[in-house]
Amino acid sequence: MLLLPLLLLAVIVPGGDNEDALQGPTSFHLIQISTFANSTWTQNQGSGWLDDLQIHGWDSDSGTAIFLKPWSKGNFSDEEVAELEELFRVYFIEFTRGVQDIVSEFQFEYPFVIQGIAGCELHSGKAIQSFLRAGFEGLDFVSIENHSCVPEPEGGSEAQWFCVFIAQYQGILAIIDRLLSKTCPRYLLGVLDAGKAELHRQVKPEAWLSSGPTPGPGRLLLVCHVSGFYPKPVRVMWMRGEQEQPGTQRGNIILNADWTWYLRVTLDVEAGEAAGLSCRVKHSSLGDQDIILYWGHPTYIGLIFVAIIVPSLILLICLALWFWRRWSYQTVL
């Protein structure tokens, strides 16, 4: 059942041979999460991802795709998109019905969750890596590799049975292989071209320091916040001089509402050892000009001079000149 949407894609979307346009490894994948609460209630969720950026959703009520970016259709025509939406709508209906029939026949217990992921990754060397994996209750179940179904150890005897079953359908496996090696790259290259203005943009990060919850008596939790940067790769380090400090804890990179990223990096130290520590931020948008924030200073040393001291000095000078001229005028009178 998890293979059906891939088969439908292969039927209506021909493959392409445009790998030359790609620079660097990039991937696209589809994710399905189906929750079966009981024999009458099921929720199917679908999404499409370009690397770790979600560009598609699925409205299960209307049976339509949600395009989260203006360029999410890539080079697919409106007619192709409409056909895909209809086929995925039918797929989710048939998938739900088929799973419920199997549950009824083999008397499985509700509730349970089925997951599926399929996609491709392209490299500048024209090598193509594709993948299709299915999971059950958060455990790996089966994967499709080189025209073959591979049962995962966590899937047990059920996964082995499924692979024996699907091995009878070599034509299906061949279509899946064509979809993942041809159709997926065609879409991926189209969406990369359509979205290149946004995907290649550089947005400089903002950074600030704070203290977190006290780890224990006489200790401090130093927190370095970095936000608003794009693309996602960033390096944030707690330093003493030029020495990176062990014990640095890096949180998960979180997507902001404006499609930039946020990261929190912490360091647990003795209170007396905090002086002299700094947080260094490296990002492609900064070039060689790293952001350096010193613990104990209210803000970045270079920025404090430009953003606070200089305007303040100019204001004081203007006020002094105004008072001097006013005083000089009153003295003459």
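Author: Glad to look through this predicted model with you. One term to begin: a residue is buried when its relative accessible area is under 20%.

Reader: Thanks! By that cut-off, are phenylalanine 36 and phenylalanine 95 buried or exposed?

Author: The cut-off for this word is under 20% relative accessible area. Measured against that rule, phenylalanine 36 and phenylalanine 95 are both buried.

Reader: What kind of aromatic pair do phenylalanine 36 and phenylalanine 95 form?

Author: Their ring centres are 6.1 Å apart, with 55 degrees between the planes. Planes under 30 degrees apart would count as stacked and those over 60 as edge-to-face. The pair is therefore neither of these, and its class is tilted.

Reader: How many residues apart in sequence are the parts that this pair ties together?

Author: Phenylalanine 36 belongs to strand E1 (residues 26-36), while phenylalanine 95 belongs to helix H2. The pair therefore ties together parts whose separation in sequence is 59 residues.

Reader: Which helix gives the most to the largest nonpolar core?

Author: That core has 48 residues, and Leu50, Ile55, Leu188, Val236, Trp238 and Val281 touch the most other members. The top contribution, eight residues, comes from residues 78-106, which is helix H2.

Reader: Where does this core lie with respect to domain 1 and domain 2?

Author: Residues come to the core from domain 1 (27-200) and also from domain 2 (206-295). Because both contribute, the core lies between them.

Reader: Lastly, which ring does the charged end of lysine 69 sit over?

Author: The charged end of lysine 69 is 3.8 Å from the centre of that ring. The ring belongs to tryptophan 259.

Note on methods
Residues are numbered from 1 along each chain as its sequence is written. This is a predicted model: local features need pLDDT of at least 70, side-chain atom pairs count only at pLDDT 80 or more; totals for chains, interfaces and linings use all residues. Side-chain values use heavy atoms; hydrogens and water are left out. A nonpolar core is a set of buried Ala, Val, Leu, Ile, Met, Phe, Trp, Tyr and Cys residues joined through side-chain atoms within 4.5 Å. Buried means under 20% relative accessible area, exposed over 50%, partly exposed in between (1.4 Å probe, protein chains only). Helices (H or I, at least four residues) and strands (E, at least two) are DSSP runs, numbered from the N terminus. Domain bounds come from an automatic or database domain assignment. Rings of Phe, Tyr and Trp (its six-membered ring) pair if their centres lie within 6.5 Å; planes under 30 degrees apart count as stacked, over 60 as edge-to-face and the rest as tilted. A charge sits over a ring if NZ of Lys or CZ of Arg is within 6 Å of the ring centre and within 35 degrees of the ring normal.
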